[in-house]
Amino acid sequence: MADMRACHKGVPGFLARQDLAFVFFVFMLLMRLLELYSWVLLAACIFVNLYAFSILDSRNQIVWKIGVFLERITEPVLAPVRRMLPMPGGMDFSPMVVLLVIQYVLQPGLVSLFRALMSH
């Protein structure tokens, strides 16, 4: 049996079965990473509010480590958005903006890119 790539070598738009599997794997991985980041962002928002209202004790080493971890994961994305947005009444809307961008821009864009790759 000849390799599928060898049979269809030079045919524009043809993806071999292995290439399709790889594209599907990358698509699913990116979708899961976006979903996971959304959950981490929500957890960070809840953590910040619990910390701000002194429900969580900052002197506890585990609480402090969780806070540092969540900040290191979310701040690289939230900081540029925070600089662009006004803060009416001291409210930080950057997590909401990032979540909306993930849900309504990145994920649908990724789905349409995947569909375009699969249709060729």
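Start by selecting helices α2 (17–52) and α3 (61–84): each of them supplies at least two residues of the lining of the largest pocket. Keep in mind as you go that this is a predicted model.

**Stop 1: the pocket**

With those helices highlighted, look for the open space they help to line. The largest pocket holds about 510 Å³ of space. To centre your view, pick Ala44, Cys45, Phe47, Val48 and Asn49, which are the closest to the pocket's centre among its 22 lining residues. Now colour the lining by helix: α3 gives the most, with 10 residues. Colour again by residue type and you should find 13 nonpolar, 5 polar and 4 charged residues in the lining.

**Stop 2: the aromatic rings**

Next, show the rings of Phe24, Phe27 and Phe114, which ring pairs link into a cluster. The count for the model comes to 2 aromatic pairs. Take Phe24 and Phe114 to begin with: this pair is tilted, at 6.0 Å centre to centre with 50° between the planes. Phe24 sits in helix α2 and Phe114 in helix α4 (residues 94–119), so the pair links distant parts of the chain, 90 residues apart. Switch on a surface and compare the partners: Phe24 is partly exposed, with a relative accessible area of 43%, while Phe114 is buried, at 15%.

Now turn to Phe27 and Phe114. Why is this pair called stacked? The ring centres are 4.2 Å apart and the planes meet at 15°, and planes under 30 degrees apart count as stacked. Phe27 lies in helix α2 and Phe114 in helix α4, so this pair ties together parts that are 87 residues apart in sequence. Both Phe27 and Phe114 are buried.

**Stop 3: the nonpolar cores**

Keep Phe27 selected and add Leu41, Val98, Ile102 and Leu110. These five touch the most other members of the largest nonpolar core, which has 13 residues. Helices α2, α3 and α4 each supply at least two residues of this core, and the largest share, 6 residues, comes from α2.

Zoom in on Val98 next. Which residues does Val98 touch, not counting those up to four places away in sequence? Select Leu41, Val77, Leu78 and Val81 to see them.

Finish with another core that lies apart from the largest one: this core has 5 residues, among them Val40, Ala44, Phe47 and Leu70. Two of these names will be familiar from the first stop, since Ala44 and Phe47 are also among the residues closest to the centre of the largest pocket.

How values were computed. Residues numbered from 1 in each chain as written. Predicted model: local features only at pLDDT ≥ 70, side-chain atom pairs only at ≥ 80, totals over all residues. Heavy atoms only, no water. 1 Å grid on protein atoms, 1.4 Å probe; cavity = no way out; pocket = protein on both sides within 12 Å on 5 of 7 lines; lining within 4 Å. Points joined across faces, edges and corners; volume = space filled by probe spheres on them. Helix = DSSP H or I, 4+ residues; strand = E, 2+ residues; numbered from the N terminus. Nonpolar A, V, L, I, M, F, W, Y, C, P; charged D, E, K, R; others polar. Phe/Tyr/Trp six-rings, centres within 6.5 Å; stacked < 30°, edge-to-face > 60°. Buried < 20%, exposed > 50% of the residue type's maximum accessible area, 1.4 Å probe, protein only. Core = buried A, V, L, I, M, F, W, Y, C linked by side-chain atoms within 4.5 Å. Contact = heavy atoms within 4.5 Å.
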